[in-house]
Amino acid sequence: MNELLQQLSVAVESGKINKASPFPPSMKGMDGADELCQQALEVGIKAETILNDALITGMARIGQKFSEGKAYVPEMLIAAKAMTAAMKHIKPYFTSGEIKRKGTIVIGTVHGDLHDIGKNIVAMTIEGAGWEVIDLGVDVNSEKFINAIEKYPDCVIGMSALLTTTMANMESTVKELKSKYPNNKVIVGGAPLSMDFCQKIGADFYSPSPQGAAEYLKTIVC
Ligand code: B1M
């Protein structure tokens with residue numbers, strides 16, 4: 001892997017946000033995710049490569065350490081902050097697509113779930129594919145989705161869940177939305193999901209990736 005990308009993935013994994021940040025002490029004075037991401041763009045590395053080969057890789061490694069009991073919640077949190085610091089530099093590359101909007105998608109992480117990095121990447125990818133994105137944030141209950149559908153009646157709904165426990169909340173939310181608004185398409189995603197789960201809960205589409213969600217949207221006429 002390119003050395004800059006390697007350093008960037010280590011910065012995300014270690015939660016080194018920027019040069020000034022004191023954590024981790026072993027990286028004091030070194031560039032963090034903020035500076036390294038900027039440098040990677042300056043030397044011409046594509047935003048998509050930075051995202052996939054450095055940022056997501058770094059997050060996967062801290063997740064693996066958490067699974068193995070070698071890292072704890074604070075380390076995951078600070079890694080997420082480092083990733084967010086880097087993402088602000090690459091976001092413009094994803095969202096600078098067409099100005100004319102193809103439709104509206106209302107997106108959120110389901111009730112009880114605070115993970116938003118994947119959802120944010122999906123949002124920026126879809127925005128870049130020409131859709132207006134209404135981001136409801138995290139811990140979004142069915143009432144908030146319903147209020148959004150009332151405001152944007154033709155919208156597609158996108159839901160993200162990262163916890164096996166909050167998959168149950170996704171199920172109840174999708175069922176409630178579909179009983180009231182059967183014509184609004186619902187796309188679901190998130191690491192623990194599958195197409196089987198999507199079909200079981202009555203959602204219209206499951207995508208393991210932001211690109212898959214954007215491809216599916218192309219098939220929808222709003
Ligand atoms: Co948490 N966490 N976390 N966490 N966390 C996971 C998810 C976990 C797998 C870690 C582990 O055990 N290895 C585990 C879940 C286990 C399970 O349910 N089976 C876990 C746990 C247990 C928890 C807590 C319960 C820990 C605790 O408190 N004891 C707690 C729960 C809090 C809550 O939500 N109520 C918790 C908390 C946190 C932090 C707050 C510290 C932080 C989140 C910060 C934030 O998001 N702002 C955090 C983090 C960072 C992680 C890991 C390390 C990274 C998640 C991430 O951002 N991945 C994660 C381990 C891992 O994933 N390896 C973990 C990178 C992101 C780009 O991927 O989100 O999968 P992802 O999104 C992808 C695809 O899934 C897809 O596209 C994205 C881009 O490629 N996608 C969609 C996502 N949504 C989509 C929607 C679509 C289409 C595609 O259409 C609409």
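**The largest pocket and one aromatic pair**

Let me begin with helix 3, which contributes nine residues to the lining of the largest pocket, the largest share of that lining. I should say at once that this is a predicted model, and that what follows is computed from it.

The largest pocket holds about 1300 Å³ of space, and of the 46 residues that line this pocket, those closest to its centre are His 115, Asp 116, Ile 117, Gly 118 and Leu 162. Besides helix 3 (47-67), the elements that give two or more residues to the lining are helix 4 (73-95), strand 1 (104-109), helix 5 (117-128), strand 3 (156-160), strand 4 (186-189) and helix 9. In terms of domains, the lining draws at least three residues from each of domain 1 (3-96) and domain 2 (104-219). By class, 28 of the lining residues are nonpolar, 14 are polar and four are charged.

Helix 9 brings me to my second topic, the aromatic contacts, where the count comes to one aromatic pair. This pair is formed by Phe 205 and Tyr 216, whose rings are stacked, at 4.2 Å centre to centre and with 5° between the planes. Because Phe 205 lies in strand 5 (residues 205-206) and Tyr 216 in helix 9 (residues 210-218), the pair ties together parts that are 11 residues apart in sequence.

How exposed or buried are the two partners, Phe 205 and Tyr 216? Phe 205 is partly exposed, with a relative accessible area of 22%, whereas Tyr 216, at 14%, is buried, the cut-off for buried being under 20%.

Notes
Residues are numbered from 1 along each chain as its sequence is written. This is a predicted model: local features need pLDDT of at least 70, side-chain atom pairs count only at pLDDT 80 or more; totals for chains, interfaces and linings use all residues. Side-chain values use heavy atoms; hydrogens and water are left out. Rings of Phe, Tyr and Trp (its six-membered ring) pair if their centres lie within 6.5 Å; planes under 30 degrees apart count as stacked, over 60 as edge-to-face and the rest as tilted. Helices (H or I, at least four residues) and strands (E, at least two) are DSSP runs, numbered from the N terminus. Buried means under 20% relative accessible area, exposed over 50%, partly exposed in between (1.4 Å probe, protein chains only). On a 1 Å grid over the protein atoms alone, a cavity is a set of points where a 1.4 Å probe fits but cannot get out, and a pocket is an open set with protein on both sides within 12 Å along at least five of seven lines; lining residues have an atom within 4 Å of a point. Grid points are joined across faces, edges and corners, and a volume is the space filled by probe spheres set on the points. Ala, Val, Leu, Ile, Met, Phe, Trp, Tyr, Cys and Pro count as nonpolar, Asp, Glu, Lys and Arg as charged, and the others, Gly among them, as polar. Domain bounds come from an automatic or database domain assignment.
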